[in-house]
Amino acid sequence: MKQYLRQIHPLAWTIIIGTMFGRLVTSMSIPFLSIYLTRVLEATPTQTGITVAVSSLAGVMVSFYGGYISDRIGRKIVMLISVFSWAGVFFIFSAAEHLWVFFVANTLNGLCRAVFEPTSRALLSDITSPQNKLLVFNLRYAAINLGVVFGPIIGFQLGSSESTFPFVISGLVYIAYGLVLFLQFKLQHANLPERHQATAPRLREALITTGRDRVFLPVLIGTTFCVLGYGHFSSTLAQYLARSPIFENGSQMFSYMLSLNAVTVLIIQYPLVRTFRNFPPLVPLIVGNLLVATSLMMVGIAEGVFMMMMSVILFTIGEVLLFTMMDMLIDRIAKPEWKGTYFGTIGFNNIGSVIAPVMGGLLLSQFGAENGLAVFVPIALTTALGVPFLLIAHRRLVVREKQTESTSLSV
């Protein structure tokens, strides 16, 4: 293991560590946004859902272009512009006093995330040798969750559900992250791979090609339902706990659930990935989708802390299977010169994150937080709709790889 860690590119380490601190500070603030809007600004569940959802909607609209443009003009420029812009967005959050300002700030938050994240993942793929890619993608995912272990608890202690001060800390950390990236790009300039200037696809060509990919398209549709289920954790669940008469001090309980989620990831990620790494790449996504759907059903049934925490653990196992293996699947499907485009296009599955807060807000408005079953059964069933599409993608990928193998053997 030590020799593999030494082989990881210094810039990859910068992204992994930066991701950890970035998620630490954002998990102090963003997950509590729906509670803040409901409690302090007295927004309705539907207004809150729309304000939270706009971040994902903005991300969906530009996620493809973010990955595409990094293929065209290079990862460095795109990452630096987006990370410093992202820092500015957090300062807007910190100064916001009206619902419309939060709406604008969260729109910009989604834009920055949708440009920066697929570009950083594509860069990790560029600078990492094939035998180390699974390790690097899993280190990045572990870094995310290491940040989220402590972020929600710190955020709760700082009063994130009643104050916008934690957003100032987020802005300062992202400025520091941007400066370190700038220095690393200068230091590692000679060691970076050249971008595919001659072969990078034009926008229309890229849209047509990814749309016609018979494996990628059902993966995109199926994972949209997975992301829909996942999106309820930080939106609908937060509002449900804050309003539910069953649970006292729901905001504190939500912060503990976020931390339990992250701790569980850190404990199970390595053995789970090691267990599933030899399975066909879509099998973990199918199992993960079913586990997330089941856990959401359990939330609706839960009447005590124990059942709620068990649902978090089940949800987390599903989450790990979905998101640790998804990057490897996209890397496996895409050609080298198309990686930024494919990593960007898979961001269209965040339409699930757009639907989740709005759907959850409407269900809470209709049935109320005292009727958890009526709220979470439709959510669980909708999440499970991803399974048929993932099964189609699985069958098509098996056929494609057999054809590729037979072609290579005949040559």
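**A walk through the helices**

In this predicted model, helix α13 passes α14 in a left-handed crossing. Let us begin with that pair. α13 covers residues 283–301, and where it packs on α14 the angle is about 155°, with the two axes 8 Å apart. Angles over 145 degrees count as roughly antiparallel, so α13 is roughly antiparallel to α14. What kinds of residues make up the contact of α13 with α14? They divide into 18 nonpolar, six polar and one charged.

Stay with α14 for a moment and look at F315, which is found in this helix of residues 305–333. Is F315 buried or exposed? With a relative accessible area of 2%, F315 is buried, because the cut-off for that label is under 20%. Its surroundings are easy to pick out on screen: leaving aside residues up to four places away in sequence, F315 touches G229, Y230, F233, N261, V292 and S295. You can also relate F315 to L237, which lies 78 residues away along the chain, while the C-alpha atoms of the two are separated by 12 Å.

Next on our route is helix α10, made up of residues 216–234. This helix has 19 residues and reaches 27 Å from its first C-alpha to its last, close to the 27 Å expected at 1.5 Å a residue. How many of the residues of α10 are buried? The count is 14 of the 19, so α10 is largely enclosed by the rest of the structure.

Now turn to a second helix pair, α5 (residues 75–95) and α6 (residues 99–127). Two packed helices are described by the angle between their axes and the distance between the axes. Here the angle is about 150° and the axes are 8 Å apart, and α5 and α6 are therefore roughly antiparallel to each other. The crossing in which α5 passes α6 is left-handed. In the contact of α5 with α6, the residues divide into 17 nonpolar, six polar and four charged.

Our last stop is a loop. Between α3 (33–39) and α4 (45–73) you will find E42. What is the phi of E42? The angle is near 55°, a positive value in a residue other than glycine. That is worth a second look, because most residues other than glycine have a negative phi. E42 is exposed, with a relative accessible area of 66%, whereas F315 is buried.

Terms used: Residues numbered from 1 in each chain as written. Predicted model: local features only at pLDDT ≥ 70, side-chain atom pairs only at ≥ 80, totals over all residues. Heavy atoms only, no water. Helix = DSSP H or I, 4+ residues; strand = E, 2+ residues; numbered from the N terminus. Expected span 1.5 Å × (residues − 1). Buried < 20%, exposed > 50% of the residue type's maximum accessible area, 1.4 Å probe, protein only. Axes fitted to C-alpha atoms, helices over the stretch in contact; angles between N-to-C directions. Parallel < 35°, antiparallel > 145°, perpendicular 65-115°, else oblique. Left-handed = near helix turned anticlockwise from the far one by under 90°. Nonpolar A, V, L, I, M, F, W, Y, C, P; charged D, E, K, R; others polar. Contact = heavy atoms within 4.5 Å.
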